[in-house]
Amino acid sequence: MKGKYFACTWTSQSDLSSAILQRVASASVTVDTQLISAIGKGVLVFAAVAPDDTSKEIESMAAKVIKMKMWPDDAGGNWKQSVQDIHGEILCVSQFTLLASTKKTKPDFHGAAGGEQARELYDHFVTKIQELYEKDKVKNGVFQAMMQVNLQNDGPVTLEIQTNPSSAQEKGKDKTDAKVGKQSEYQLPAELLD
């Protein structure tokens, strides 16, 4: 089989929108020493928007924030109640650094959406949470500001959520350089495959 080659395809998934949920006893955002928002018991959400995100992915992530079961029930059963069930509050903070590539010692932020696209989708994310829950219980930081975020993590409980990666992979399965995946072909010597 010397001299023969076999073509294989390698697929990598690009970044998806991501959020970190922290169960908190309290949390607040300050900008330039001015208190912007504060909550009591509830969820602090750090959210990032990826370049290929659409309103569909953002709305899916917003629904997960509301429905994620992070508290015990009255009988002591763990992971039984959502922020909605406990009538808690939500503080959203935009954080593009969640989508950083850290292959090198200097972070690379090309995996995060930029500019007006990021602002529009992040604002849509916060608005959707307000629509799905109670508007007065959903607070926000300041987009693209240098913020000081204070929190008292309850647990500690910290979860990462993403938009639906399995369906995203399906959409890009048969496409080269698809929005959610990139395919590259390599010729390998056949003897390496034996």
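**Group meeting talk: two serines, a fold and some rings**

Let me start with one residue. S26 has a relative accessibility of 28%, so S26 counts as partly exposed, because that class runs from 20% to 50%. Keep in mind that what you have in front of you is a predicted model. The values I quote are computed from it.

Where is S26 in the chain? S26 sits in strand β2. Setting aside residues within four places in sequence, S26 makes contact with I39, G40, N150, L151 and Q152. There is also a distance to mention: the C-alpha atoms of S26 and E89 are 9.2 Å apart, and these two residues are separated by 63 residues along the chain.

Now take S28, which is also part of strand β2, the strand that covers residues 18–31. Is S28 buried or exposed? With a relative accessible area of 15%, S28 is buried, because the limit for that class is under 20%. If we again leave out residues up to four places away in sequence, S28 touches L35, S37, A38, L91, Q148, V149 and N150. N150 is therefore on the contact list of S28 and on that of S26.

Next, the whole chain. It has 3 helices and 8 strands. Read from the N terminus, the order is β-β-β-β-α-β-α-β-β-α-β. The chain has 194 residues, and 37% of them are buried. If you take the contacts with a separation of 6 or more, 76% are between residues 24 or more positions apart. The chain exposes about 11,600 Å², and carbon and sulfur atoms supply 50% of that area.

On to the aromatic rings. A pair of rings is described by the distance between the centres and the angle between the planes. How many aromatic pairs does the structure hold? It holds 3. One of them is F96 with F109: the ring centres are 5.0 Å apart and the planes are at 75°, so this pair is edge-to-face. Both residues lie in the loop between β5, residues 89–94, and α2, residues 115–132, so the pair ties together parts that are 13 residues apart in sequence. F96 is partly exposed, with 47% relative accessibility. F109 is partly exposed as well, at 33%.

Another pair is Y122 with F125. Here the centres are 6.3 Å apart and the planes are at 40°, so the pair is tilted. Y122 and F125 are both in helix α2, 3 residues apart, which is about one turn of the helix. Both residues are buried. Together with F143, Y122 and F125 form one aromatic cluster.

Last, the pockets. The largest pocket has a volume of about 420 Å³. It is lined by 21 residues, and those closest to its centre are S94, Q95, F96, T97 and Q144. You will recognise F96 from the edge-to-face pair. Which elements supply at least two residues each of the lining? They are β4, which is residues 42–48, together with β5 and α2. By type, the lining of the largest pocket has 15 nonpolar residues, 6 polar ones and no charged ones.

To close, go back to strand β2 and look at the two serines in the viewer: S28 is buried, while S26 is partly exposed. That is all I have.

Notes:
Residues numbered from 1 in each chain as written. Predicted model: local features only at pLDDT ≥ 70, side-chain atom pairs only at ≥ 80, totals over all residues. Heavy atoms only, no water. Helix = DSSP H or I, 4+ residues; strand = E, 2+ residues; numbered from the N terminus. Buried < 20%, exposed > 50% of the residue type's maximum accessible area, 1.4 Å probe, protein only. Contact = heavy atoms within 4.5 Å. Areas by Shrake-Rupley, 256 points an atom, 1.4 Å probe, with all protein chains shown as cover. Phe/Tyr/Trp six-rings, centres within 6.5 Å; stacked < 30°, edge-to-face > 60°. 1 Å grid on protein atoms, 1.4 Å probe; cavity = no way out; pocket = protein on both sides within 12 Å on 5 of 7 lines; lining within 4 Å. Points joined across faces, edges and corners; volume = space filled by probe spheres on them. Nonpolar A, V, L, I, M, F, W, Y, C, P; charged D, E, K, R; others polar.
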